[in-house]
Amino acid sequence: MTTYRTVAIDGLDIFYREAGSRDNPTILLLHGFPASSHMFRNLIPTLADQFHLVAPDYPGFGNSSMPTVDEFDYTFDHLAEIIDKFLDAIAVQKYSLYVMDYGAPVGYRIAVKHPEQVEALIVQNGNAYEEGFGKFTDPIKEYWRNPSPENTDKMKQSFTLETTKWQYTNGVSNPEAISPDTWTMDQFFLDRPGNEEIQLALFYDYRTNPPLYPQWQEYFRNHQPPTLIVWGQNDDIFPAEGAYPYQRDLKDVEFHLLNTGHFALEEEGEAIANYIRQFLTSRLQSIPA
């Protein structure tokens with residue numbers, strides 16, 4: 001059974017989903033933009049017989065607290081700091097790290113700080129290489145260079161219902177398999193007063209991530225976490241070109257490109273769950289039969 005909990009971190013209520021016995025290996029599930037832990041709603045119960053799964057919502061996302069940009073510094077450094085403290089608060093010290101989209105810059109900051117905690121990586125459309133930037137990110141890079149009112153208005157198009165739906169349906173092999181609840185749920189949270197400013201702050205701060213890529217790659221080379229890549233190959237946001245370079249730095253990589261888009265779990269969730277189960281069972285100890 002999945003439980004729905006909150007824990008106080010630095011005066012914020014951090015919401016998280018949790019399932020499975022704590023006696024089993026933990027998988028920490030870090031969501032992307034514009035999603036929340038809701039994106040893992042089907043994966044969690046599927047794997048809870050053999051694993052302990054934890055999926056938090058970042059501040060400003062999902063059911064966690066949403067302080068304004070004047071009350072909270074919305075940067076990836078700060079999100080990582082909150083999730084790091086969250087892990088301490090719920091007494092999780094070892095885990096396999098599932099990163100997707102924003103989950104990569106949050107998770108890799110934590111992994112670099114605490115490499116001894118990470119038992120394995122599961123990478124689903126989570127970027128750590130320059131090759132992972134396609135034409136889609138050109139307007140965002142222009143916003144980094146010049147956050148003018150005109151470029152800011154262009155970025156605001158990323159928070160519309162049309163764009164949110166596109167993120168879920170672009171590149172999928174069967175659009176009828178994608179529940180409208182996905183983009184409806186995300187849009188509800190995006191439309192809250194003050195959330196647009198939060199998302200703009202994070203879009204602008206995303207410029208701090210590419211300079212850290214060499215550091216993350218050094219972490220891969222030095223610590224060699226076993227890594228499972230399950231990547232939606234038709235993703236226009238983080239295209240498949242960003243998946244291949246992981247194999248340069250990591251020796252133990254299981255690599256799967258899936259015929260779907262950005263939110264690969266929506267269409268290929270069963271396949272991804274099976275890959276995770278097989279991969280972690282072969283790499284980790286003390287997994288129940």
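The exchange below concerns a bent helix and two pockets.

Biologist: Which conventions apply here?
Modeller: The model is predicted, so local features need pLDDT of at least 70 and side-chain atom pairs count only at pLDDT 80 or more, whereas totals for chains, interfaces and linings use all residues. Residues are numbered from 1 along each chain as its sequence is written, and side-chain values use heavy atoms, with hydrogens and water left out.

Biologist: At which residue does helix 11 bend?
Modeller: Helices are DSSP runs of H or I with at least four residues, numbered from the N terminus. Helix 11 (residues 264-283) spans only 23 Å between its end C-alpha atoms, where a straight helix of 20 residues would span 28 Å at 1.5 Å a residue, the expected span being 1.5 Å times one less than the number of residues. The bend, an angle between axes fitted to the seven residues ending at a residue and the seven starting there, is about 60° and lies at Glu 270.

Biologist: Which helix gives the largest share of the lining of the largest pocket?
Modeller: A pocket is an open set of points on a 1 Å grid over the protein atoms alone, where a 1.4 Å probe fits, with protein on both sides within 12 Å along at least five of seven lines, and lining residues have an atom within 4 Å of a point. The largest pocket is lined by 20 residues, with Phe 136, Ile 140, Ser 158, Phe 203 and Ile 237 nearest its centre. The largest share, three residues, comes from helix 4.

Biologist: How much space lies in the second largest pocket?
Modeller: Its lining includes Arg 22, His 52 and Gln 285. With volume taken as the space filled by probe spheres set on grid points joined across faces, edges and corners, the second largest pocket holds about 170 Å³.

Definitions and conventions. Helix = DSSP H or I, 4+ residues; strand = E, 2+ residues; numbered from the N terminus.
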